[in-house]
Amino acid sequence: MSAPAKRSVTITLDGSNRSTSLPLLSGSVGPDVFDIRKLYGDLGVFTYDPGYGATASCDSKITYIDGDEGILLYRGYPIEQLAEKSNFLEVCYLLLNGELPNAAEAAEFHDGVMRHTMLHEQLRTFYNGFRRDAHPMAVMCGVVGALSAFYHDSLDIHDVESRRISAFRLVAKLPTIAAWAHKYAVGQPFVYPRNDLTYAENFLYMFHAVPAEEYKVNPILSKAMDLIMILHADHEQNASTSTVRLAGSTGANPFACIAAGIASLWGPAHGGANEAVLKMLAEIGSVDNIKEFLADVKDKDNHTKLMGFGHRVYKNYDPRAKIIQKACHDVLEELGIKGDPLLDLAMELEKIALSDPYFIERKLYPNVDFYSGIILKAMGFPTSMFTALFAVSRTVGWVSQWKEMMEDPQQRIGRPRQIYTGAPQRDYVPPARRG
Ligand code: ACO
């Protein structure tokens, strides 16, 4: 809960004698917020905030971002420290439970998650309903939504144990669902999970292995995969997380809520940006074309965006982008990929954009997606899988946020208001009398 108000703001409606005093609430860190809940009751007016850029929609203890300073904390721990010292399942435990696990808790959590990696066998047949060239995100929306038709025993959202099992199921099954979306697209047999592997290793195994030969997980790839998953695990009240919370606020089951989050993540302004960055780099083609491309970006009539740049909250370098940029160099070097033309192009594009007044004035910096596509490509993932991988990593954040909301006594259905600008009430006109 936020701290009780010590200060308030008084608002007086011009031209009337109506005024109200609104409490100013404080979190543990970050700017204070005005509690506007009684504004309509006292003054008969709502607030207007398209895109919710100035609105705090909930109390949360999970993730904190200071966008001006470029700081990202999961449960108080800096992303840089977690990226260097932790592992993805430990971060999952932290996000879901609030504290880092001790050795026994970590082992129990690992078993709890990994015991749920298989899919109900009937779910296999779902894949056959899709075209082979279906986008993996389309498959993910469908199959994740369908989980609610298979796991009826964990759908009671008011039961703590049901919520715990659903959380395990979602975190455990998303890698299997995503890996199988890829296998279906390329016409290879589905590879069943192996619970003796780590979470990241198991995903790489299901994605790359074929029954015809032994597959050994490359430790460089599994380390990079684990890092990418940590960096994408949560990001406070972004579009997809807010979608999950909004769907959950109606009492919808967690599988349906996460399917809604996946749909929201798909867009190029959000998680779809990693795929869009690679398409953009391919279109630019060479360092020589950067100036011309950036001229298009700056031309307001052109509607071209520099994908992987800009963020609603970060007005500084996205700390995840810094980590992933370094990882990108390390992985390419460790894999023996020398002078990757895409990376060279991306770095030159970044350098030119960061010294251009258009981007400086608007505080536009690279976000996590600017480099994630390059590293994922080097790791052997097709471009169409990039956003699906983001969804796999973000599932734990969505589930943590959904769980926190369900445990919040203040929780009520999410229901924004509007300024209506359409026709006022009027009478129906019969067809013969319409102009
Ligand atoms: N390229 C060019 N101009 C940009 C970019 C960009 N990538 N991003 C913002 N701008 C411009 C806007 O046109 C606007 O200019 P104006 O003031 O002259 O009108 C100004 O910068 C402010 O931008 P907004 O659109 O108000 O920023 P908003 O917070 O609404 O959008 C967003 C944030 C969606 C991320 C935007 O920066 C964008 O589209 N970036 C490219 C897509 C992308 O990389 N998305 C991934 C985000 S991170 C993630 O979801 C994991």
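These legends go with four close-up views of a predicted model.

**View 1. The ligand and the residues around it.**
Start with the ligand and its 21 surrounding residues, where H270, L306, G308, F309 and R312 come nearest. Sort that shell by class and you get 11 nonpolar residues, five polar ones and five charged ones. Now look for side chains with an N or O atom close to a ligand oxygen. In H270, such an atom sits 2.8 Å from an oxygen of the ligand. For R312, the distance from a side-chain N or O atom to a ligand oxygen is 2.7 Å. R362 joins in too, with a side-chain N or O atom 3.0 Å from an oxygen atom of the ligand. How much of the ligand's accessible area does the protein cover? On its own the ligand has 930 Å² of accessible area, and the protein covers 73% of that.

**View 2. Helix α3 and its two ends.**
Helix α3 runs over residues 88-97. Eight of its 10 residues are buried, so the rest of the structure largely encloses this helix. If you want to pick the buried ones out, they are F88, L89, V91, C92, Y93, L94, L95 and L96. At the N-terminal end, N87 acts as a cap: one of its side-chain oxygens lies 3.2 Å from the backbone nitrogen of L89. Move along to just after the helix and you meet G98, which has a positive phi of about 100°.

**View 3. D35 in its loop.**
Find D35 in the loop that links β3 (33-34) to α1 (39-43). Is D35 buried or exposed? Its relative accessibility is 14%, and because the cut-off for buried is under 20%, D35 counts as buried. Its side chain makes a polar contact with the side chain of R37, at 2.8 Å. Skip the neighbours within four places in sequence, and D35 is still in contact with L22, P23 and L25.

**View 4. Two cysteines that stay unpaired.**
Hunting for disulfides here? A search of the whole structure turns up zero. Take C141, which is in no disulfide: the nearest cysteine sulfur belongs to C257 and is 14 Å away. Why does C257 not bond with C141? The closest cysteine sulfur to that of C257 is the one in C141, and 14 Å is too far for a bond, because a disulfide needs the two sulfur atoms within 2.5 Å. C257 also counts as buried, because its relative accessibility is 0%.

How values were computed
Residues are numbered from 1 along each chain as its sequence is written. This is a predicted model: local features need pLDDT of at least 70, side-chain atom pairs count only at pLDDT 80 or more; totals for chains, interfaces and linings use all residues. Side-chain values use heavy atoms; hydrogens and water are left out. Buried means under 20% relative accessible area, exposed over 50%, partly exposed in between (1.4 Å probe, protein chains only). A residue is near a molecule or strand if one of its heavy atoms lies within 4 Å of it. A polar contact is a pair of N or O atoms within 3.5 Å; within protein, one must be able to donate a hydrogen and the other to accept it, and residues adjacent in sequence count only if both atoms are side-chain atoms. Accessible areas come from the Shrake-Rupley method with a 1.4 Å probe; for residues, only the protein chains shown count as cover. Ala, Val, Leu, Ile, Met, Phe, Trp, Tyr, Cys and Pro count as nonpolar, Asp, Glu, Lys and Arg as charged, and the others, Gly among them, as polar. Helices (H or I, at least four residues) and strands (E, at least two) are DSSP runs, numbered from the N terminus. Contact means heavy atoms within 4.5 Å.
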